[in-house]
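Trainee: Could we go through this model together, taking the backbone and then the empty spaces and the ligand?
Mentor: Gladly, let's have a look.

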Amino acid sequence: MSDTAISREFNFDGLVGPTHNYAGLSHGNVASAKHQGQIANPRAAVLEGLAKMRQLYDWGFGQAVLPPLSRPHLGLLFQLGFRGTPAAMIESAWRADPILLAVAYSASAMWTANAATVAPSGDCADKRVHITPANLSSLLHRSIEAAETTAHLRAIFANRQHFEVHDPLPAGGALSDEGAANHTRLCAEYGSPGIQIFAYGRSALNSQTTQPRRYPARQTRESCDAIIRRHQLNADHGLMWQQNPEAIDAGVFHNDVISVGNQNVFLVHEMAFVDQERRLSELREVYANLCEGELHLFEVSLTELPLADAVQSYLFNSQLVTNENGRMSLICPRECQESPLAQAVIERLLESSIPIDRVHYFDLRQSMRNGGGPACLRLRVVLDPSEQIAFHQGVRFTPELHDKLQSWAGRYYRESLNIEDLRDPKLIDESWLALEKLEQILDMPAGSICQAS
Ligand code: SUG
């Protein structure tokens, strides 16, 4: 069967940007708080991500990259009243508040599971792939991603015959949207009709919903409803499930930290959703009506894996991918190997009738220290044969692209970056130069990735 003969899932992994750092910007993300102030290694971070992409490509999975965003975000600093040359703006932002400068320099766009929510063409009434870039309006450093991410997605999925890249939802608390990290699609085959589970943390317009007490609920129900309408999904196939507030309070800031699904397999912690038993029977029923074959549910209990261990090991932030033989592999962070409890769950999984027979571990520590595991680093896009060649092919992963990106990182990325370093005016030009070179490597128009001003 040729490469493009059937619908496949492509993982669009985020390339870690040259200003990757640990500023502790994400309230409710335990790893981000824990590693605040540590020295980051941007070069190691981008290479770790590339090694994962290369391995998945070599195993035959669809793989592509999404570029980092242009940092520092001088537009934000300008809006906040800083004026003068870029170096002067950086210096006065530092003096006003180093955290503000860290916001403008954040490389958080690497977690492309938060870049957008994507619906395959087969699920949408107009039979095009629909993409809604996430507004990420819950946190300042993430809210400044949406405009550039939208521009990148529009450049990559430019063919309007196949793709519709919407505007992000209007920013503001009521429509706060964190993208595919709170979205799971289940189906028999990638090209057949799918059930889309939308996870939300709170309802902005209905004060009856229970809310977490300690940490923020980032995704609203209203944003999920809007995405179902925009993507022209059959509302009966879009399930709206509330995240368990207790889990959010334990550090489960996105749903992909507590469940993962692929085709007919759904791995879920018992504390993932409110009213979970009822939700899972609803899923069984909808699946039986819409999809052929068996649905495999694998629930992990609190005794087996307490929430703190789920968050520490990031077991559910593994990628679940379908091999060429139709069986599945689990792509886990190395931290799962270091957790005896996660290991016991994996053993039970492998002994069960769930069609997963391979487990691989990846060292993604640079990203993990900011709360980003294998699944955070990628945006899943299911594409049919014509769509697979209709997106911008310069971002398609190949061994040649891998080689180029490795040398590029070796040349333009620092091996050490701490918060004080963000004050260094040389970092501005360095990071712009890296992105200018990247535009050439990915064959993107000049100025489309690097928005130096
Ligand atoms: O939004 N961390 C990201 C991690 C996102 C993980 N994505 C998924 N679960 N899909 C976040 O909390 C840390 C940035 C800092 O602390 O500097 C950060 O933004």
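Trainee: Let's start with the backbone. Between which strand and which helix is Leu136 found?
Mentor: Keep in mind that this is a predicted model. Leu136 has a positive phi of about 50° although it is not a glycine. Its place in the chain is the loop between strand E4 (129-133) and helix H6 (140-143).

Trainee: Which residue follows Arg71 across a cis peptide bond?
Mentor: Look in the loop between strand E2 (62-66) and helix H3 (74-79), where a proline is found. The peptide bond in question has omega near 5°. It runs from Arg71 to Pro72.

Trainee: Thanks! On to the spaces inside: what volume does the largest cavity have?
Mentor: The count comes to six cavities of 30 Å³ or more. For the largest cavity, the volume is about 340 Å³.

Trainee: Which element gives the largest share of the lining of the largest cavity?
Mentor: The largest cavity is lined by 24 residues, with Glu9, His183, Thr184, Arg185 and Arg380 nearest its centre. Two or more lining residues come from each of strand E6 (183-187), strand E9 (259-262) and strand E15 (378-383). By class, the lining has 12 nonpolar, seven polar and five charged residues. The largest share, five residues, comes from E15.

Trainee: Now the ligand, please. Which space does the ligand take?
Mentor: One cavity has a volume of about 220 Å³. Of the 23 residues that line this cavity, Ser26, Ser108, Trp111, His141 and Asn370 are the closest to its centre. The ligand takes the space of the second largest cavity.

Trainee: How many residues of each class line the second largest cavity, and how many of each class are in the shell around the ligand?
Mentor: The lining of the second largest cavity divides into seven nonpolar, 14 polar and two charged residues. For the ligand itself, 21 residues are around it, and Leu25, Ser26, Ser32, His141 and Asp256 come nearest. By class, that shell has seven nonpolar, 11 polar and three charged residues.

Trainee: Which residue has a side-chain N or O atom 2.7 Å from a nitrogen atom of the ligand?
Mentor: Let's go through the contacts one by one. A backbone N or O atom of Leu25 lies 2.8 Å from an oxygen atom of the ligand. With Ser32, a polar side-chain atom lies 2.8 Å from a ligand oxygen atom. The contact to a nitrogen atom of the ligand, at 2.7 Å, is made by the side chain of Asp256.

Trainee: How much of the accessible area of the ligand does the protein cover?
Mentor: Take the ligand on its own as the starting point: its accessible area is then 490 Å². Of that area, the protein covers 99%.

Trainee: One more space, then. Which helices give two or more residues to the lining of the second largest pocket?
Mentor: About 320 Å³ of space lies in this pocket. It is lined by 18 residues, and Ala31, Lys34, His35, Val311 and Gln312 are the closest to its centre. The elements that give two or more of the lining residues are helix H1 (30-34), helix H11 (307-313) and helix H13 (365-368).

Trainee: And how many charged residues are in the lining of the second largest pocket?
Mentor: Split the lining of the second largest pocket by class. Eight residues are nonpolar and six are polar. The charged residues number four.

Notes:
Residues numbered from 1 in each chain as written. Predicted model: local features only at pLDDT ≥ 70, side-chain atom pairs only at ≥ 80, totals over all residues. Heavy atoms only, no water. 1 Å grid on protein atoms, 1.4 Å probe; cavity = no way out; pocket = protein on both sides within 12 Å on 5 of 7 lines; lining within 4 Å. Points joined across faces, edges and corners; volume = space filled by probe spheres on them. Helix = DSSP H or I, 4+ residues; strand = E, 2+ residues; numbered from the N terminus. Nonpolar A, V, L, I, M, F, W, Y, C, P; charged D, E, K, R; others polar. Near = heavy atom within 4 Å. Polar contact = N/O pair within 3.5 Å; in protein donor to acceptor, adjacent residues only side chain to side chain. Areas by Shrake-Rupley, 256 points an atom, 1.4 Å probe, with all protein chains shown as cover. Sits in = over half its atoms within 2 Å of the grid points.
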